[in-house]
Amino acid sequence: MQKKSFYFYERWLNSLGLFDILKKIIDAKWIKHSHYKSDLYKYSTSQFLIRHFFGYNGHQVNHNTGNLGFGFLHYAFIIASRPERILCIGSEQGFIPAICALACKDNNKGHVDFVDAGKTSKNKNHWGGTGFWKKNNPQLHFSVLELENWITPYIMTSKQFAKKYQYKYEYIFIDGDHSYPGVKFDYETFWPRLATDGMMGFHDISLKGLNGQDEYGVWKMWKELNKKHKLSFEYLDNSVGFIQKNE
Ligand SMILES: C[S@@+](CC[C@H](N)C(=O)[O-])C[C@H]1O[C@@H](n2cnc3c(N)ncnc32)[C@H](O)[C@@H]1O
């Protein structure tokens, strides 16, 4: 019989609604790393990152080769600019936030605040949220590759986060509410909290049309930002764009 991976059993238990219950029963300290060990040995670090944090085509990853796609961009920016504090808004299972945390760990400097509303596909305005962050322990999820000290997950909307915390950042990546008012809110709220020379990135800057009942609007915001800011650049099929704050 073919050996099944941990993920097979995770999905199977999830479908029976048992995974959460089991997770609560098993002490978090004991579980740490142990159930991922076989996958850690089986795959390269980058393949493991893609698999565990669900890097997908939208970030141009390739699981077979371990190509981290846009993950490399984030990693390189952070390694080169050595930010003190990073903000990531929105991620289905933590792929880009984990890469940012890995770069901080490799720099031995910096910290990632990761904010996700924890939406499920049943919510209006879920933008790809699958309920993952409410079904799983976020800190435990990041504890593989020993990232937990480099990242703090906040399961709340960016609006709630902005009201509760007033941190300043040198690097911000926005991939949460993809509607025009949603992304405009994130830009207008966090731009003043970005340091001079800091970078702000946006995902899905060219997607148009509907996501369920919700209309993509990052493209519209990006068009406005392109005119407004001196330095902006975008990559491959306009999937990701960055602006630098230099005023
Ligand atoms: C899955 S990701 C990014 C979508 C992906 N780029 C795609 O193309 O499908 C979007 C995440 O943003 C989260 N989200 C949606 N609205 C949000 C908000 N207002 N604040 C924080 N997170 C939000 C959702 O829970 C979801 O996990």
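## Overall make-up

The chain has twelve helices and nine strands, and what you are looking at is a predicted model. Of its 247 residues, 36% count as buried.

How do the contacts spread along the sequence? Take those between residues at least 6 apart: 64% of them join residues at least 24 apart.

## Helix 6, seen from both sides

Let's start with helix 6, which runs over residues 70-81. Its twelve residues should span 16 Å at 1.5 Å a residue, and the end C-alpha atoms are 17 Å apart, so the two values agree. Which of its residues are buried? Phe 70, Gly 71, Leu 73, His 74 and Ile 78 are. Looking down the axis, you'd find these buried residues within an arc of 160°, which means they line one face of the helix. As a general point, an α-helix has 3.6 residues a turn, so residues three or four places apart point the same way.

Turn to the face directed away from the buried side and you meet the exposed residues Ala 76 and Ala 80. The cover over the buried residues includes helix 7 (95-107) along with four strands: strand 1 (85-89), strand 4 (169-174), strand 8 (232-235) and strand 9 (240-244). Just past the end of helix 6 sits Arg 82, with a positive phi of about 50°.

## The nonpolar core

The largest nonpolar core is made of 50 residues. Those with the most contacts inside it are Cys 88, Ala 98, Ile 99, Cys 100, Ala 101, Val 112 and Ile 172. Helix 7 supplies the largest share of this core, with nine residues. In soluble globular proteins generally, nonpolar side chains tend to be buried together.

Cys 88 makes a handy example. What does it touch, once residues up to four places away in sequence are left out? The list is Ile 96, Pro 97, Cys 100, Val 112, Phe 114 and Phe 173.

## Around the ligand

There are 22 residues around the ligand, and Gly 90, Glu 92, Gly 128, Gly 129 and Gly 176 come nearest. Sorted by class, this shell holds twelve polar, six charged and four nonpolar residues.

## Two loop residues with positive phi

Phe 54 lies in the loop that links helix 5 (45-52) to helix 6 (70-81). Its phi is near 55°, a positive value in a residue other than glycine. Is Phe 54 buried or exposed? It counts as partly exposed, because 17 other C-beta atoms lie within 10 Å, and a residue needs 20 or more to be buried. Setting aside neighbours within four places in sequence, Phe 54 is in contact with Glu 92, Gln 93 and Phe 95. Ile 96 is 42 residues away from Phe 54 in sequence, yet their C-alpha atoms are 9.5 Å apart in space.

Glu 146 is the other one to look at, in the loop between helix 9 (138-141) and strand 3 (151-155). Here phi is near 50°, again a positive value in a residue other than glycine. Glu 146 has 13 C-beta neighbours inside 10 Å, so this residue counts as partly exposed; exposed would take 12 or fewer.

Notes: Residues are numbered from 1 along each chain as its sequence is written. This is a predicted model: local features need pLDDT of at least 70, side-chain atom pairs count only at pLDDT 80 or more; totals for chains, interfaces and linings use all residues. A residue is near a molecule or strand if its C-beta atom, placed from the backbone, lies within 6 Å of it. Ala, Val, Leu, Ile, Met, Phe, Trp, Tyr, Cys and Pro count as nonpolar, Asp, Glu, Lys and Arg as charged, and the others, Gly among them, as polar. Two residues are in contact if their C-beta atoms, placed from the backbone, lie within 7 Å. The expected span of a helix is 1.5 Å times one less than its number of residues. The arc is that of the directions from the helix axis to the C-beta atoms. A nonpolar core is a set of buried Ala, Val, Leu, Ile, Met, Phe, Trp, Tyr and Cys residues joined through C-beta atoms within 7 Å.
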